[in-house]
Amino acid sequence: MALRVCGVLFRDFSVLSRRFVVSARPETASCFISAGNAACSRGRRSGFIFAPACFITSEAFLSRLVKGKAEADGSIHHLPASVPSDSSEQLSLLLRHPDQPPNAKLLKVAVVGAPNAGKSTLSNQLLGRKVFAVSKKVHTTRSRALGVLTENDTQIILLDTPGLTTVAKVKRHQLEKSLLVDPWNTVKEADLIVVMVDVADRWTCTRLDFEVLKCLAEHSHIPAILVLNKVDLVKTKDKLLDITAQLTCGVVNGRKMRVRPVIKPPWAEKIPEEDSKLSPDEDASAAEDGGKSDSVLSKEQLKDLRSQRGWSHFKDVFMLSSVDKEDVDTLKSYFLVAAQPGSWQYHSEVLTDQSPEEVCTNIIREKLLENLPQEVPYSVTQSIEHWQDGENGQLDISVKLYTMKESHMRMVIGTGGQMVAQIAKEASEDLSRLYLREVRLKLSAKLRK
């Protein structure tokens, strides 16, 4: 039987099961690995429980999750909502009274993490439509954005945030101050914090970003879960267990988790001691900040956090790929089960609180980041010149791109106007799918004097 572990097929499961025993207690195994509807004995020390995605959790919550998923299987699934292309329609929709059922449930989820961890990609997958800009470059999301997922009697509000960063980095790269303020303000609203980590980044995957740790420490009263993203890019899957142990300090849901090799792989490496020290970039940031901090934590607490690799108060741990629908559906089921009785905040047709114009400029910025080199896209600003319904029912949009340097303008335009035309084509395709109508986007570049 072929088993699917974190998006990778394993023909011989005995190879994986011989390597590690993962348990919250010595007598209980609690590593959940994807294998469709397969089941396995819980009683043995080497036993594994299979679920639609890989995660580590408590037995009590697992039973609730399975029950909730079984009930959802018989329900009617609706197409995801869309964003109106008219600002007045969107505003009217946002102001409409929520059409909630008698036993409504609500959960506000703040998705946080270091820049480029995959936060916006996960939010888009959960919503079923591309609402938030996504790019391989850092700082694609510049301000807090809200997405609304409504299923049956439950409403999940996703609070997508910019990557947590420092004052020094914002000054150094001349970024918007919203990158400093929005993530912290957003977390205060949340019922659940989702911390995303890019496990494909070998330099950062074994240590939580200091800003993330600081955020968790300041809001320790809010439940938090750890999501290890991009597991499909990790070739040696047993490394995920080591990463989990380090990022959770070996504790999940208040129980000690043991990760020990039953048969030590020949390629196993000891983590160098210097890895526990601050990276050069973190050292430089601390020096530039002058040791000053507006954190509510004391200097002693901040010092202790700097010596930590992970957080020992995560309720659950998920290992997934945010581009894998099956993995994301499992996380969605978790949210639906975790939701508590409460009044909906939005009408079921609301998909986001962003205006159509904000969505448009964010998508254009995504294409600029993806198609232009290095620092060029970060210095480009936008101005919507024209937004009107066309003769044949399409939406005509005209946007002016302003650059700081003439050399940047030439790169934006490209040879024979090919680059700006390519960016316009890609952006219009995404907007057409979101607005559910044809979009004709015209981009032009101008040097800002």
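The side chain of Thr403 places a polar atom 3.3 Å from the backbone oxygen of Lys405, a polar contact in the sense of two N or O atoms within 3.5 Å, where within protein one must be able to donate a hydrogen and the other to accept it, and where residues adjacent in sequence count only if both atoms are side-chain atoms. The model is predicted, and local features need pLDDT of at least 70, side-chain atom pairs count only at pLDDT 80 or more, and totals for chains, interfaces and linings use all residues. Residues are numbered from 1 along each chain as its sequence is written, and side-chain values use heavy atoms, with hydrogens and water left out.

Thr403 belongs to strand 16. Helices (H or I, at least four residues) and strands (E, at least two) are DSSP runs, numbered from the N terminus. Thr403 counts as buried because its relative accessible area is 0%. The classes are buried under 20% relative accessible area, exposed over 50%, and partly exposed in between, with a 1.4 Å probe and protein chains only. Beyond its neighbours within four places in sequence, Thr403 is in contact with Val380, His408, Met409, Val412, Lys446, Leu447 and Arg448; contact means heavy atoms within 4.5 Å.

Strand 16 is part of an open sheet of three strands, ordered 15-16-17, with mixed pairing. Strands 15 and 17 stand at the edges with a single partner strand each, so one side of each has no neighbour in the sheet. The twist from one strand to the next averages 15 degrees. Strands pair if DSSP finds at least two bridges between them. Strand 16 and strand 17 run parallel and are joined by nine bridges. Asp396 stands opposite Arg440 of strand 17.

Two helices lie across this sheet. Helix 12 crosses strand 15, strand 16 and strand 17, and runs at about 130 degrees to strand 15. Helix 14 lies across strand 15, strand 16 and strand 17 as well, at about 140 degrees to strand 17. For these angles, axes are lines fitted to C-alpha atoms, for helices over the stretch in contact, and values run from 0 to 180 degrees between N-to-C directions.

Helix 12 comprises 16 residues, 356–371. From first C-alpha to last, helix 12 reaches 23 Å, close to the expected 22 Å. The expected span is 1.5 Å times one less than the number of residues. Helix 12 is mostly covered, with 12 of its 16 residues buried. Among the buried residues are Pro356, Val359, Cys360, Ile363, Ile364 and Leu368. Charged names also appear in that list, including Arg365, Glu366 and Lys367. The buried residues of helix 12 pack against helix 3 (87–95), strand 15 (381–389), strand 16 (395–403), helix 14 (418–435) and strand 17 (439–447).

Arg96 lies in the loop between helix 3 and strand 5 (105–113). Arg96 counts as partly exposed because its relative accessibility is 39%. Its side chain makes a polar contact of 3.0 Å with the side chain of His347. Neighbours within four places in sequence aside, Arg96 is in contact with His347 and Glu349. The C-alpha atoms of Arg96 and Tyr346 are 7.5 Å apart, although 250 residues separate the two along the chain.

Strand 13 (residues 316–319) is covered on both faces. Asp316 and Phe318 are buried on one side, Val317 and Met319 on the other. Strand 13 pairs with strand 9 (residues 224–229) in the parallel sense, over four bridges. Val317 of strand 13 is the bridge partner of Leu226.

Lys230 is in the loop between strand 9 and helix 8 (239–247). Lys230 is not a glycine, yet has a positive phi of about 65 degrees. Lys230 is partly exposed, since its relative accessible area is 21%. Leu436 sits in the loop between helix 14 and strand 17. Phi of Leu436 is near 60 degrees, again positive in a residue other than glycine. Leu436 counts as exposed because its relative accessibility is 54%.

Across the chain, there are 14 helices and 17 strands. Buried residues make up 49% of the 449 residues. Of contacts between residues at least 6 apart in sequence, 73% join residues at least 24 apart. The accessible surface comes to about 22000 Å², with 51% belonging to carbon and sulfur atoms. Accessible areas come from the Shrake-Rupley method with a 1.4 Å probe, and for residues only the protein chains shown count as cover.
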